[in-house]
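Student: I'd like to learn how to read surface and core in a model like this one. Can you take me through it?

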Amino acid sequence: MRLMRIVGQMSFQELKTLLDQVADTRELILRRDAARGPAWNAVYDAWSDAHEEAEGAWRTWRSDGGRDAYAAYRAAADREDAAQDAVAASVA
C-alpha cells in the first residue's frame, strides 16, 4: 500500500483518479448502530444516510453555487436513487 501526503487541495481529476482505484467491495458503511434491535434495517438506513447527504449537498450547491458543488450534489442524489432502488427491491 502506497501512502500519499496531500498538501493543499486535491483537484477534481486527482480525486476521481484516486477513487477509481478503490475496489468496489459491495459493502455498506452506515452511520447508525446496528444494536437498535429488530426494527433496525440496514437497507433503509443506507437510504436514509444517502438522503441526508443529498439534502446537505443540495443546500451547499444552492447557497454557494459552482460546478464542483453541483457535481457533488448530483453524485449524492445518484447514491440516494440507488439506495431507494435497493429499499424497493428488499420489500418486493
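Student: How much area does the protein expose, and what share of it do carbon and sulfur atoms supply?

Tutor: About 7,700 Å² is exposed, and carbon and sulfur atoms supply 54% of it. Areas here are Shrake-Rupley values with a 1.4 Å probe, and for residues only the protein chains shown count as cover. This is a predicted model: local features need pLDDT of at least 70, side-chain atom pairs count only at pLDDT 80 or more, and totals for chains, interfaces and linings use all residues. Residues are numbered from 1 along each chain as its sequence is written, and side-chain values use heavy atoms, leaving out hydrogens and water.

Student: What percentage of the residues count as buried?

Tutor: Of the 92 residues, 15% do; buried means under 20% relative accessible area, exposed over 50%, partly exposed in between.

Student: Which residues make up the largest nonpolar core?

Tutor: In general, nonpolar side chains in soluble globular proteins tend to be buried together. A core here is a set of buried Ala, Val, Leu, Ile, Met, Phe, Trp, Tyr and Cys residues joined through side-chain atoms within 4.5 Å. In this protein, the largest has 5 residues: Ala54, Ala57, Tyr73, Ala76 and Ala77. Helices α2 (42–64) and α3 (67–91) each give two or more residues to this core, with α3 providing the largest share, 3 residues.

Student: What does Ala57 touch, leaving aside neighbours within four places in sequence?

Tutor: Ala57 is in contact with Ala72, Tyr73 and Ala76, contact being heavy atoms within 4.5 Å.

Technical notes:
Buried means under 20% relative accessible area, exposed over 50%, partly exposed in between (1.4 Å probe, protein chains only). Helices (H or I, at least four residues) and strands (E, at least two) are DSSP runs, numbered from the N terminus.
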